[in-house]
Amino acid sequence: MAEAERYVMTAEGRRKLEEELEFRHVTKAKEISDAIKEAKEQGDLSENAEYAAAREAQRENQDRIAEIEHQLKYAEVVEEESSEVVGVGRTVVLRDTKAKKDYTYSIVGSSEVDFLANKISLDSPLGVAIKGLKSGQKAVVKAPSGDITYKIVSIE
């Protein structure tokens, strides 16, 4: 029997998914329903771009609802891990030992990744390299431009 699918996430990540689900079920669905109703009132649906766009938005909304429900069904919310080691729910400050530049990342579940907000998962190349390490330890990350060595400055 295959291992059950799971989505590792923080409690904050689960809360955000639940909020998005509520928004899509209530607010977004009503907006789309209203747009479909308004487009139907315009008459001939076969050449009605507004109707086609509203129906497409409805399909996309339903697909996203199904995706969120699936993720929540198989969600594995991680508890606070030891603040001494890098893990999900921690914030880590890394120093590029060559460039002498610090980077701060939040370690999140894979469904919460947001590179623009410096949220990475332990499944990313950087996450894999630093997983389980303590402050002061070093990790080497293979990058297209060559290996990058990071020193863990702090873990919160």
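**View 1. Valine 108 of strand 4 and its neighbour in strand 5.** In this predicted model, valine 108 stands opposite serine 121, a residue of strand 5. A second facing pair joins the same view, in which serine 106 stands opposite lysine 119, again in strand 5. Strand 5 covers residues 119–121, and its pairing with strand 4 runs in the parallel sense over three bridges. Strands of a sheet in general pair through backbone hydrogen bonds, in either a parallel or an antiparallel arrangement.

**View 2. The hairpin of strands 3 and 4.** Strand 3, made of residues 91–96, pairs with strand 4, made of residues 101–108, in the antiparallel sense, and six bridges link the two. One of the places to look for this pairing is leucine 94, whose bridge partner in strand 4 is tyrosine 103. Four residues lie between the two strands of the hairpin, and in the turn lysine 100 has a positive phi of about 55°.

**View 3. The open sheet as a whole.** Five strands make up an open sheet with mixed pairing, and their order across the sheet is 5-4-3-7-6. Strand 5 and strand 6, the latter spanning 138–141, stand at the edges with a single partner strand each, so one side of each is left without a neighbour in the sheet. On average, and with direction ignored, neighbouring strands of this sheet are turned by 45° against each other. In a regular strand, the side chains alternate between the two faces of the sheet.

**View 4. The largest pocket and its lining.** The largest pocket holds about 320 Å³ of space. Its lining consists of 23 residues, and those nearest the centre of the pocket are Thr10, Glu12, Gly13, Val108 and Glu112. Helix 1, which covers 11–40, and strand 4 are the elements that give two or more residues to this lining, and the largest share, six residues, comes from helix 1. By kind, the lining of the largest pocket divides into 10 charged, seven nonpolar and six polar residues. Val108, listed here among the residues nearest the centre, is the valine that stands opposite serine 121 in View 1.

**View 5. The second largest pocket.** About 200 Å³ of space lies in the second largest pocket. The lining of this pocket is formed by 13 residues, of which Arg6, Val8, Val88, Leu122 and Asp123 are the ones nearest its centre. Six residues of the lining of the second largest pocket are nonpolar, four are charged and three are polar.

Conventions: Residues numbered from 1 in each chain as written. Predicted model: local features only at pLDDT ≥ 70, side-chain atom pairs only at ≥ 80, totals over all residues. Heavy atoms only, no water. Pairing = 2+ DSSP bridges. Axes fitted to C-alpha atoms, helices over the stretch in contact; angles between N-to-C directions. 1 Å grid on protein atoms, 1.4 Å probe; cavity = no way out; pocket = protein on both sides within 12 Å on 5 of 7 lines; lining within 4 Å. Points joined across faces, edges and corners; volume = space filled by probe spheres on them. Nonpolar A, V, L, I, M, F, W, Y, C, P; charged D, E, K, R; others polar.
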